[in-house]
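Dear colleague,

I am passing on the structure below, together with some notes on its aromatic rings. Please keep it open while you read, so that you can find each residue as it comes up.

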Amino acid sequence: MDYLQMFICIILTVLSVLLVVCIIQNYRIQNKMQTNEEELLDNYRRLKEAYDKEAEEKRVLTERCEELIRSKEHMQKTAGTDYLTGLPNRFEYTEHLKEELRDMKSDGLLGIIDLDIDNFRNINDSYGHFYGDQTLCEVTRRLTRFVLERDAYLARVGGDGFSVILKDFSERAELEAQVVQLLNYLKDPYHIGEREFMLTLSAGVVVVPTDGTNEQTITKNVDMAKFFAKASGKDTYIFYDDSLDRSVTEKLELQTEVRKAIEDEAFEVYFQPQIDLATEETLGFEALVRWNHPERGVIVPSEFIPVAEECGLIVPLGEFVLRESCKKLKKWQDEGCRQVVAVNLSARQFKDRESMDNVMRIIRETGINPKQLELEITETMALDDLDYAINTLQKLKQLGVSIALDDFGTGYSSLNYLKRLPVNQLKIDKSFMDNVLEDHSDQKIVETIIALAQALNLVVVAEGVENSAQADFLKSVSCDKAQGYLYSKPLREKDMLGFLQTN
């Protein structure tokens with residue numbers, strides 16, 4: 001019995017130990033399972049966070065990509081659009097022209113019209129940029145209506161420049177008719193705010209492929225045609241042809257020659273006498289520049305002055321003429337000469353304050369008696385900025401120089417500004433003398449100018465006197481002085497001195 005009990009106790013003890021071991025093992029398994037579950041949940045959370053983060057980044061990247069696409073499309077549209085008028089700009093126009101040239105049929109024609117508003121700057125200067133912008137918008141509306149009626153393309157290619165590409169024609173005559181119609185269409189009065197004004201435009205025209213087959217050549221040729229349209233007096237159109245190229249080449253060559261002639265002092269000052277009509281005494285001379293060209297001989301100002309003005313050489317040329325005239329005047333003064341020398345100032349010289357300082361410096365440096373120097377400006381130059389003109393002329397007069405108003409009668413000829421300008425002399429333009437004997441109106445104009453000058457105690461000089469009948473008429477209306485081929489052509493210095501001795 002004791003063994004049985006002991007055996008049972010051993011069995012129970014073993015079972016208890018096994019039970020405890022099972023319980024411990026079960027606890028460990030459950031604890032491990034719980035740990036694994038927590039790890040799985042933690043891994044799941046981390047995976048979910050990573051997924052959510054990646055999804056968010058993908059969403060952000062997608063939004064940014066879409067935004068970039070929209071921005072690119074907007075930039076492309078903006079880059080090719082004029083902000084004021086909404087028209088294609090020069091960049092877009094160039095791309096469109098290239099496309100038209102690529103798609104053009106072998107027997108097709110394109111008409112390229114480049115338009116510029118004449119004197120557009122005057123609108124901005126006179127009325128302000130608001131009126132200028134509104135004018136551009138109104139021109140755009142008219143051009144848009146014109147191109148919508150045709151197979152045409154319109155772009156704004158510059159400040160006041162527009163380009164039209166036309167395909168609706170089969171020969172040059174048809175294109176020319178449309179250009180005329182377009183320019184006339186744009187001439188109707190413009191009503192901007194409470195103001196009404198007229199506009200004109202100048203146009204250059206090329207026909208493709210006759211005048212070019214690539215964008216660069218076409219653009220060059222149409223610009224050149226437009227330039228010549230403006231140079232021809234504006235409010236017109238010119239078709240490109242090869243002669244324009246030759247003309248531009250000749251002008252560029254002439255500009256180079258003028259620049260070199262100034263550097264080489266190849267210009268020479270001539271002098272044309274001014275005669276007292278009452279006594280026939282020589283009172284003075286006008287200094288006139290001539291170009292001693294090595295191949296073409298003596299060239300008159302009408303051939304090179306416009307070129308010098310256009311390329312900015314008129315200021316150094318004008319200063320050369322003044323300096324040479326003052327040097328010669330100083331020499332003549334030292335020899336006892338009492339005649340006055342008149343020197344023309346160009347518009348650019350007169351408007352340039354630095355240049356005017358140089359004029360005053362030349363007068364002082366040459367040591368002349370300034371009472372024998374007369375400086376001539378045109379009335380147009382004086383009126384361009386009346387306050388500046390008055391101030392500048394007063395400074396010159398303080399030096400002792402006298403002032404003449406040249407080409408009088410061709411501009412405003414207003415008594416109001418004339419009495420304000422500190423001038424000593426009026427010069428009647430040659431255009432009035434050309435027909436003064438036949439044209440009663442010209443006679444009255446000359447008489448009126450002389451009477452006006454006398455009322456203001458001004459001396460009057462008539463230019464372009466070529467015969468004794470003109471001189472007699474001038475004497476009859478009490479003109480003071482005359483200048484022209486009746487008395488003498490412009491003379492070199494040695495010939496001028498000979499003229500003085502014999503007269």
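Phe-239 is buried in this predicted model, because its relative accessible area of 7% lies under the 20% cut-off. Tyr-237, in contrast, counts as partly exposed at 22% relative accessibility, since that value falls between the limits of 20% for buried and 50% for exposed.

What about the aromatic pairs? By the rule used here, the count comes to ten. One of them is formed by Phe-130 and Tyr-131, which meet edge-to-face, with 5.6 Å from centre to centre and 85 degrees between the planes. Phe-130 counts as exposed, with a relative accessibility of 54%, whereas Tyr-131 counts as buried, with a relative accessibility of 17%. The two residues introduced at the start, Tyr-237 and Phe-239, also pair: their ring centres are 6.1 Å apart and their planes stand at 80 degrees, so this pair is edge-to-face, the angle being over 60 degrees.

Phe-130 and Tyr-131 also belong to a cluster, in which ring pairs link them with Tyr-127 and Phe-197.

Which charged end sits over the ring of Tyr-131? It is that of Arg-195, placed 5.6 Å from the centre of the ring. A further case of this kind involves Phe-146, whose ring has the charged end of Arg-150 over it, 3.7 Å from the ring centre.

With best wishes

Conventions
Residues numbered from 1 in each chain as written. Predicted model: local features only at pLDDT ≥ 70, side-chain atom pairs only at ≥ 80, totals over all residues. Heavy atoms only, no water. Phe/Tyr/Trp six-rings, centres within 6.5 Å; stacked < 30°, edge-to-face > 60°. Buried < 20%, exposed > 50% of the residue type's maximum accessible area, 1.4 Å probe, protein only. Lys NZ or Arg CZ within 6 Å of the ring centre and 35° of its normal.
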